[in-house]
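Reader: Please choose a single part of this model and take me through it slowly, giving the cut-off behind each term as you reach it. I am in my first year, so a connected account would help me more than a list.

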Amino acid sequence: MAKNFLKVICKDCGSEATVFSRATTVISCGVCGATLSIPSGGKANLVGCTVSEALE
Ligand SMILES: [Zn+2]
């Protein structure tokens, strides 16, 4: 079963965000604006955050 959503923690400010694992757009932190994820080959490439939890 593929996990569709990832709960991530912004490396810059520590706030939580939810990222779609196949996001096709750049995702930015809603608090500090840091780039959290960039699209890469059909899946999200997490660049500015760490995964806290994989959500169903
Ligand atoms: Zn942030």
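Author: Among the contacts that join residues at least 6 apart in sequence, 33% link residues at least 24 apart, where a contact means that two C-beta atoms, placed from the backbone, lie within 7 Å. The model is a predicted one, in which local features need pLDDT of at least 70 and side-chain atom pairs count only at pLDDT 80 or more, while totals for chains, interfaces and linings use all residues. Residues are numbered from 1 along each chain as its sequence is written.

The part to look at closely is strand β1, but the whole chain should come before it. The chain has zero helices and six strands (DSSP runs numbered from the N terminus: H or I of at least four residues for a helix, E of at least two for a strand). Its radius of gyration, taken over C-alpha atoms, is 10 Å, close to the 10 Å that the globule rule gives for 56 residues, so the chain is as compact as a globular protein of that length; the rule is 2.2 Å times the number of residues to the power 0.38. Along the principal axes, the C-alpha atoms fill a box of roughly 30 × 20 × 15 Å.

Strand β1 itself covers residues 5-10, and its side chains alternate: L6, V8 and C10 point to one face and are buried, while F5, K7 and I9 point to the other face and are not. Here a residue is buried if 20 or more other C-beta atoms lie within 10 Å of its own, exposed if 12 or fewer do, and partly exposed in between. Over the chain as a whole, 20% of the 56 residues count as buried.

Strand β1 has two partners, and strands are said to pair if DSSP finds at least two bridges between them. With β2 (residues 16-20), β1 runs antiparallel and is joined by five bridges, one of which sets L6 against V19. The two strands form a hairpin with five residues between them, and in its turn G14 has a positive phi of about 80 degrees. The pairing of β1 with β6 (residues 49-55) is also antiparallel and extends over six bridges, with F5 standing opposite L55.

The buried face of β1 can now be followed inward. The largest nonpolar core has 10 residues, namely L6, V8, C10, A23, I27, C29, L36, A44, L46 and C49; such a core is a set of buried Ala, Val, Leu, Ile, Met, Phe, Trp, Tyr and Cys residues joined through C-beta atoms within 7 Å. Both β1 and β5 supply at least two residues of this core, and the largest share, three residues, comes from β1. In soluble globular proteins, nonpolar side chains tend to be buried together.

A residue of the hairpin's other strand shows how these pieces meet. A17 lies in β2 and, leaving out residues up to four places away in sequence, touches V8, C10, C29, G30, L36 and C49. A17 nevertheless counts as partly exposed, because it has 18 C-beta neighbours inside 10 Å. Between A17 and G30, which are 13 residues apart in sequence, the C-alpha to C-alpha distance is 7.8 Å.
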